[in-house]
Amino acid sequence: MSAQSDKRNGVATVGMAHRARGRRAALTAAVLAAALTASLTAGCSGQGRPGDDGVPGRTPAPDASATAAGSPLAVKIDNVAGARPQTGLDAADVVYAEQVEGGLSRLLAVYATRFPETVGPVRSARESDLELLRQFGRPTLAFSGAQRRLLPLIDRAPVEARSPDEAPDAYYRGSGRAAPHNLYLHPAGLLPTAPGAGALTTGFRYGPAPAGGTPTATRTVRYPAARFTFTWSAGRGGWLVAMDDTPTTTTDGPRPAPATVVVQYVRIRASGYHDVLGNRTPYTETVGSGRAEVLRDGRSFTAGWSRPTAGDGTAFTTADGAPLDFAEGQVWVVFAPAP
């Protein structure tokens, strides 16, 4: 998608830094005056860039010590043809795939055990990301921007929101690709170190495969304008990923081959937000319960999923109600529309 397409989708890179300054303004009258002045300047700049996913660089990078200890880093990653191959995808502990406007897809990659040097291309957040991220307490969310009306909701959510406005030194524009598909993040610019596996409060269990299952060589999940295909590789001990019938590669590592793939059937409805043409943004409901397929060790297992509240992780069970363990390694969760 081009930058003009982002404009049609109503994805606006609007600075959130002025709200952070507003919160600090109550400390002293001098700080208030400075913050108001900077806010006016930021507002004038932001109004001229309604859909650019740009890096205005108007505020200093946040103090990493202010980030909640032990919280993971979640990065919203572009996933159209112009954004591929991505960078840093293989290092993620969990990759969530969700449907967005036009039947396309985007990824939300969660990093806890290790940080790659670079992640990207980074793109804009969606309303349903906030519900999904509640399971991690107060994670750091790296994203390029959001629809203007969504920004106050992000500001109130229990996340450390770090767009280029809050942390310009952590982001850069790569060469060789057109905007908006060339915005990259240095994770070390947001968090000093990876918090470790204890920050992955997903509810997932890891262990031996359950009995049974159906031998499966490949599995495809389709959105209206996107496809994910996972092909078992005994040599890699995981599922080779292809997107839109093209093998998924990365610029800095091996081809992603998650040890476990989850096809989680959820309700995907229209959200309260829409683009300039009036098209509603899809909202993926990840709280509740339903059915799923879990792919591991070359087999497919029928499963159920349950997440009672947004603060809970998601539990997966076998057909007889026993906990279903995942294989050790990277997990991809594809949110598929429930029949």
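These exercises, each with a worked solution, concern a predicted model and go from its confidence values to its strands and single residues.

**Exercise 1. Confidence along the chain**

Find the mean pLDDT of the chain, and state over which residues pLDDT stays under 50.

Solution. Start with the chain as a whole: the mean pLDDT is 83, and 78% of the residues reach 70 or more. Then turn to the part with low values, which is residues 1-69, where pLDDT stays under 50. For residues 1-69 the model nevertheless has 120 contacts beyond four places in sequence.

**Exercise 2. An open sheet and its edges**

Determine the order of the four strands in the open sheet, and explain why one side of β9 and of β12 is left without a neighbour in the sheet.

Solution. The strand order is β9-β10-β11-β12, with antiparallel pairing, and the sheet is open. β9 (218-223) and β12 (246-247) stand at its edges, and because each has a single partner strand, one side of each lacks a neighbour in the sheet. Within this sheet, β10 and β11, the latter spanning residues 238-243, are paired in the antiparallel sense through six bridges. As one example of the register, T231 has L240 in β11 as its bridge partner.

**Exercise 3. T229 in its surroundings**

Decide whether T229 is buried or exposed, and identify the side chain that it joins through a polar contact of 2.9 Å.

Solution. First locate the residue: T229 lies in strand β10, residues 226-233. Its relative accessibility is 14%, and because buried means under 20%, T229 counts as buried. The polar contact of 2.9 Å runs between the side chains of T229 and T220. Finally, setting aside residues up to four places away in sequence, T229 touches T218, R219 and T220, and also L240, V241 and A242.

**Exercise 4. G203 in a loop**

Classify the exposure of G203, and list its contacts beyond neighbours within four places in sequence.

Solution. G203 is found in the loop that runs between β7 (183-185) and β8 (214-215). Its relative accessible area is 41%, and since partly exposed covers the range between 20% and 50%, G203 is partly exposed. Once the neighbours within four places are left aside, G203 is in contact with G313, T314 and A315. A separate C-alpha to C-alpha comparison places G203 and Q135 8.6 Å apart in space, although they are 68 residues apart in sequence.

**Exercise 5. The pair β14 and β15**

Establish how β14 and β15 pair, and how many residues of β15 are buried.

Solution. Strand β14, residues 268-274, pairs with β15 in the antiparallel sense over four bridges. Among the residues involved, I268 has T284 in β15 as its bridge partner. Strand β15 itself, residues 280-284, is mostly covered, with four of its five residues buried.

Methods. Residues numbered from 1 in each chain as written. Predicted model: local features only at pLDDT ≥ 70, side-chain atom pairs only at ≥ 80, totals over all residues. Heavy atoms only, no water. Buried < 20%, exposed > 50% of the residue type's maximum accessible area, 1.4 Å probe, protein only. Helix = DSSP H or I, 4+ residues; strand = E, 2+ residues; numbered from the N terminus. Pairing = 2+ DSSP bridges. Contact = heavy atoms within 4.5 Å. pLDDT = per-residue confidence, 0-100. Polar contact = N/O pair within 3.5 Å; in protein donor to acceptor, adjacent residues only side chain to side chain.
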